[in-house]
Amino acid sequence: MSSEVAVEPGRVRSWLAAHPLASYAVRRFGLYLVELWGAVTVAFFFFRLIPGDPIQTFIQTLQQNYVYNAQASAAVIDRYRAEFGLDGNLFSQYLHYMYRVLFQQSLGPSLINYPTPAQDVIMRALPWTVGLLGLSAVLAWVIGLLVGALAGWRRGKAGADLVTNVAIALSHVPYYFLALILTFVFAYQLAWLPARSAYNARLTPGISPEFIFSLLKYGLLPSLSIVVIGVFSWLLSTRMLMVPVLGEDYLTYAQAKGLRPRKILTKYALRNCYLPQVTAFGISLGFIFNGNVLVEQLFNYPGLGATLVNAIQILDFNTILGVTNLAIFAVLTANLILDLLLPLLDPRVKYWR
Amino acid sequence: MKLVRGMGRVFTSNWKLTTGLVLLLLLILTAVTSPLIASAVGGGQDPVAIAAYEKWQVPSPDHWLGTDQFGRDVFAMVIGALAVSLKVGAIAGVISTIAGVLMAFIAGYKGGAVDGVLSTFTDMVLVVPSFPLLIALSAYTKNVGITQVALMLAVFSWPFAARTIRAHVLSLRARPYVELAKVTKFRDLEIIAYELLPNMLPYIGVGFASSALGAIFALVGLEVIGLGPGETIDLGKIIFSAIGTGALTLGAWPMFVAPILLLTLLFAALNLCNIGLEEVYNPRLRGVAGA
């Protein structure tokens with residue numbers, strides 16, 4: 001982009017002026033890069049400001065396991081410091097980190113599983129998190145949208161209002177509250193479902209019906225706690241979008257035409273809520289990430305959240321930053337894609353401003 | 001008198017706001033009187049002292065919620081913990097609301113480049129997942145008091161307040177009466193203090209409530225995974241010790257049901273206030289938000 005501008009500045013500028021959508025996309029993408037850089041930088045400096053020396057702790061653990069008999073020499077400590085990118089002052093550490101991430105596509109070694117690279121540790125945990133939390137979040141969104149539309153459609157009826165009031169009370173209750181209650185009832189009192197871990201440890205992971213069944217059985221409780229709370233909050237916001245639409249003239253017209261109520265609901269009314277809700281879903285991705293740390297920790301689920309907590313406890317900076325940056329990247333990218341797609345999906349969205 | 005009657009009308013016509021406020025007041029009252037309740041439960045003694053009673057008693061008329069692994073009365077403990085949790089919320093809420101209001105007024109009122117920079121900064125802080133940062137911070141601040149923890153939590157709760165308040169500042173700024181004040185050569189500070197701030201109070205209240213709640217839940221979250229300030233007992237600490245001591249397997253349900261119930265009530269109260277207030281100030285929403 002920058003080289004193009006340098007060669008023919010006038011032509012690029014006039015082309016952009018003639019194509020508002022393209023100029024919007026370029027501007028939006030530029031903002032995305034700035035936000036990405038800013039958030040990653042904030043996270044980097046924040047974590048480095050935490051007191052504590054991970055290398056000393058690491059050497060001590062090695063000594064406790066009798067890997068070193070004598071006191072570790074200064075040379076050994078220096079070597080580890082350099083390898084983990086912890087040498088020099090804060091600013092040179094930052095430049096070094098950014099250089100390594102951008103140009104070598106490497107997060108550096110992880111302290112938890114030294115010498116495994118941090119990105120391998122993260123990639124091992126990622127499928128669990130995406131599988132459990134991603135799926136649950138999408139499920140909650142779909143169910144919430146449908147139930148919310150119905151609750152709005154049938155407002156004033158006892159059943160719909162009851163559901164709405166329950167949702168008002170429970171929509172933002174943290175996931176782990178429900179997780180605890182569900183664990184108590186179904187795992188400890190009734191002993192129907194396992195309380196911890198991701199699959200039966202006696203089975204070997206693979207694509208066998210037995211293993212998949214165990215996967216589902218172990219994932220049911222954590223997933224259920226996310227889905228139920230999620231449905232409540234999506235239900236409420238969908239209903240809020242739905243009800244004002246119901247008085248619109250075009251719905252009355254559709255009724256007068258003699259369309260079936262179900263068709264009016266799905267083809268006419270619901271269309272007005274799902275686009276804003278798609279945007280809201282993109283924004284909520286980051287908060288899903290926040291909640292999952294606790295749910296994974298409670299159920300001892302081997303996902304990113306549990307990895308993060310372990311990494312933080314021994315100040316494994318490379319892994320911590322890797323997980324955090326992944327979350328930042330996911331949220332910002334989702335928002336970018338939504339912002340670029342929405343003008344195409346919904347003609348009412350103005351992209352030029 | 002007119003004001004009182006007007007307020008009365010608002011309360012009778014909006015059951016959500018009324019229920020929310022009543023619930024909230026009850027919880028605060030319980031928290032404030034918690035020392036009295038504790039001494040009444042203990043009959044003069046401290047019922048939360050270690051080994052005051054027998055361990056793991058089931059709920060009975062003597063101990064409404066039973067006793068825990070050290071023989072402490074769970075009812076007295078939960079009430080005391082509610083007071084601590086509310087205190088954390090209050091401190092964190094006040095600080096982050098002040099920060100949020102300052103941020104929002106400077107950004108929303110100045111507009112232009114100042115707004116651009118401040119809003120982008122707010123969004124950046126908002127996008128960095130705060131919970132990992134909190135875990136990291138608290139893992140290395142084990143020996144601090146409840147006030148320091150509240151300060152720490154405030155650092156992460158201001159962006160929400162800043163964002164919502166800024167949105168309202170933007171809409172208020174464009175109103176004719178503000179334009180009028182500008183034309184009559186009021187200074188910016190005067191306009192903010194006399195024209196904007198009074199109209200913003202309900203939203204600032206909502207912002208305060210949600211930051212306070214966010215801080216309380218963040219602390220509970222930290223404690224549930226075993227990180228949190230050392231000595232004080234708040235609601236999260238009770239949940240954590242319920243998990244840690246196997247209260248789930250022992251069937252000592254009050255130890256985690258009671259704190260969860262109280263926190264859920266607190267949330268429901270604030271959420272009701274929030275929705276109720278929106279309805280009062282935005283008549284178009286009446287009958288839309290909620291039932």
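Here are legends for three close-ups of a predicted model.

**Close-up 1. R28(A) and D339(A) meet in a salt bridge.** Let's start with a pair of side chains. Side chains of opposite charge can pair when their charged atoms come close. Here, the gap from N to O is 2.7 Å for R28(A) and D339(A). These two partners link distant parts of the chain, sitting 311 residues apart. R28(A) belongs to helix α3 (residues 20–48), while D339(A) belongs to helix α15. Are the two partners buried or exposed? R28(A) counts as buried because its relative accessible area is 10%, and buried means under 20%. D339(A), at 26%, is partly exposed. If you go hunting for others like this pair, note that the count over all chains comes to one salt bridge.

**Close-up 2. T319(A) makes a polar contact with D316(A).** Stay with helix α15, which covers residues 317–345 of chain A and holds T319(A). How much of T319(A) is accessible? Its relative accessible area is 0%, so T319(A) is buried. What does its side chain touch? The contact is with the side chain of D316(A), at 2.7 Å.

**Close-up 3. Positive charge gathers in a patch on the surface.** Which residues make up this patch? They are K257(A), K263(A), K267(A) and R271(A). Take K263(A) as a sample member: you'll find K263(A) in helix α12, which spans residues 261–269 of chain A. With a relative accessible area of 43%, K263(A) is partly exposed. That value fits the patch rule, because members need over 30% relative accessible area.

Definitions and conventions:
Residues are numbered from 1 along each chain as its sequence is written. Chains are lettered from A and ligands numbered from 1 in the order in which they are written. This is a predicted model: local features need pLDDT of at least 70, side-chain atom pairs count only at pLDDT 80 or more; totals for chains, interfaces and linings use all residues. Side-chain values use heavy atoms; hydrogens and water are left out. Patches are made of residues with over 30% relative accessible area and no salt bridge: like charges are joined within 9 Å, nonpolar side chains (Val, Leu, Ile, Met, Phe, Trp, Tyr) within 5 Å. Accessible areas come from the Shrake-Rupley method with a 1.4 Å probe; for residues, only the protein chains shown count as cover. A salt bridge is a side-chain nitrogen of Lys or Arg within 4 Å of a carboxyl oxygen of Asp or Glu. Lys and Arg count as positive and Asp and Glu as negative; His and the chain ends are not counted. The place of a charge is taken as NZ of Lys, CZ of Arg, CG of Asp or CD of Glu. Helices (H or I, at least four residues) and strands (E, at least two) are DSSP runs, numbered from the N terminus. Buried means under 20% relative accessible area, exposed over 50%, partly exposed in between (1.4 Å probe, protein chains only). A polar contact is a pair of N or O atoms within 3.5 Å; within protein, one must be able to donate a hydrogen and the other to accept it, and residues adjacent in sequence count only if both atoms are side-chain atoms.
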